[in-house]
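Reader: I would like a close look at one buried side chain and its surroundings. Please set it in the context of the whole chain, and keep it brisk.

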Amino acid sequence: MGIERIVSTTVPEDNKEQEEIIEKSLRPLSFDEYIGQERMKNNLKIAIDAVKKRRASAAADGDDADKNATLDHILLYGPPGLGKTTMAGVIAHELGANLKITSGPAIERAGDLASILTNLQDGDVLFIDEIHRLRRAVEEVLYSAMEDFKLDITIGKGPAARSVRLDLPNFTVIGATTRTGSLAGPLRDRFGMLHRLEYYTEPEIEQIIARTANILNTKIEPAATHLLATRSRRTPRIANRLVRRVRDYADVNGDGIIDAPIATRALDLMEIDDLGLDPADRNLLRLMEENYGDRPVGLNTLAAITGDEATTIEDYNEPYLLQIGFIERTPRGRLITEKAKQHLHNNKTVV
Ligand code: ADE
């Protein structure tokens, strides 16, 4: 069993690399360790147990058909940071399978996908992050691979070209996307299970914070755990990031123990307000209020006035702002709510 990354990335700077190592070491490996998303976990446990049972009984009575029983393909969707990659790791671990990780943008050509698929072994789990960003030509190869574990490829060019169908091992695709809407219908239809990751409850985020602090060997007081949880936007990735930053602050400005006053000072320094909004969120809201007031504004206009990518606003800022009722989506664009305006006015001191 193991995890292999097959995305091509540039070499990260030291600090980023260090953070990635910590991030990975914080990831739970089993359903028992994974906090929250209870409904999804219950459904997945049943599917995994069924596959294991089929394999075991096939092995016992020499039934070839079920020997390679495979977990159905799974689509995980929802806002970033809620644990899609982590869940893929847990599924592979619980299944006793290898996990291969790649992403939509990393698979540039159909040939890249062919090489990934032909290198899989029976039972492997292939995690494709940002699956909505797969190119059309790549997507089409993936259809038949997912449907009947066959790879259709064309060899040669022009009149001499011929198409061949290769057998592939039985594997499971776990696709992750922030938007199901952008996924082509035929691709979505090839997933036997679709699961939406929900925002976590505050008590769940508190548990995640306590677990992370424990793994990092850092003492954190309950009042500080609560404070960080209220500012984590109900998102584990953000909660874990805050724990690491506040831990740095406590090591430099205190005795390493995270208590409420230390956490408050560290969060103020990061300009994270009492709802967990950062300067980029507040800037977005302020520009909406100042320039549009009670009128809706289109996403591309918002991107132009903030200088951010439309996809960054749509994937990172907007989901939580919608969730807490700070913006509304109307057919004519995004609208800032009274609640958001009130929050901005109450937080005038923070930029
Ligand atoms: N770290 C990140 N997400 C987590 C989760 N859902 N449970 C436990 N630890 C986590």
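Author: What follows starts with the whole chain, passes through one hairpin and ends at a single leucine.

This is a predicted model. Confidence comes first. The mean pLDDT of the chain is 90. A score of at least 70 is reached by 93% of the residues. Helix 9, residues 222-230, holds the highest confidence, at 98. Strand 1, residues 3-5, holds the lowest, at a mean of 63. Residues 8-12 have a pLDDT below 50. That stretch makes 2 contacts in the model beyond its near neighbours in sequence.

Now the overall build. The chain contains 15 helices and 10 strands. Along the principal axes, its C-alpha atoms fill a box of roughly 70 × 45 × 35 Å. There are 351 residues, and 47% of them count as buried. Take the contacts with a separation of 6 or more: 71% of them join residues 24 or more positions apart. The accessible surface is about 17,700 Å². Carbon and sulfur atoms supply 47% of that surface. On charge, the chain carries 46 positive and 55 negative groups. The mean positions of the two sets lie 3 Å apart.

Next, the hairpin. Strand 5 covers residues 150-155, and strand 6 covers residues 162-167. The two pair in the antiparallel sense, over 6 bridges. Thr154 stands opposite Ser163 of strand 6. Between the strands lie 6 residues. In this hairpin Gly156 has a positive phi, near 85°. As a rule, side chains in a regular strand alternate between the two faces of the sheet.

Finally, the close look: Leu285. Leu285 sits in helix 12, which runs over residues 279-292. How buried is Leu285? Its relative accessible area is 0%. The cut-off for buried is under 20%, so Leu285 counts as buried.

Which residues does Leu285 touch, leaving out those up to four places away in sequence? The list is Leu277, Leu321, Phe326, Ile327, Ile336, Ala340 and Leu344. Phe326 gives a sense of the sequence distance involved. Leu285 and Phe326 are 41 residues apart in sequence. In space, their C-alpha atoms are 8.4 Å apart.

To put the site together: Leu285 belongs to helix 12, has a relative accessible area of 0%, and touches residues that include Leu277, Phe326 and Leu344.

Conventions. Residues numbered from 1 in each chain as written. Predicted model: local features only at pLDDT ≥ 70, side-chain atom pairs only at ≥ 80, totals over all residues. Heavy atoms only, no water. pLDDT = per-residue confidence, 0-100. Helix = DSSP H or I, 4+ residues; strand = E, 2+ residues; numbered from the N terminus. Contact = heavy atoms within 4.5 Å. Pairing = 2+ DSSP bridges. Buried < 20%, exposed > 50% of the residue type's maximum accessible area, 1.4 Å probe, protein only. Areas by Shrake-Rupley, 256 points an atom, 1.4 Å probe, with all protein chains shown as cover. Lys, Arg positive; Asp, Glu negative; His and termini not counted. Charge placed at Lys NZ, Arg CZ, Asp CG, Glu CD.
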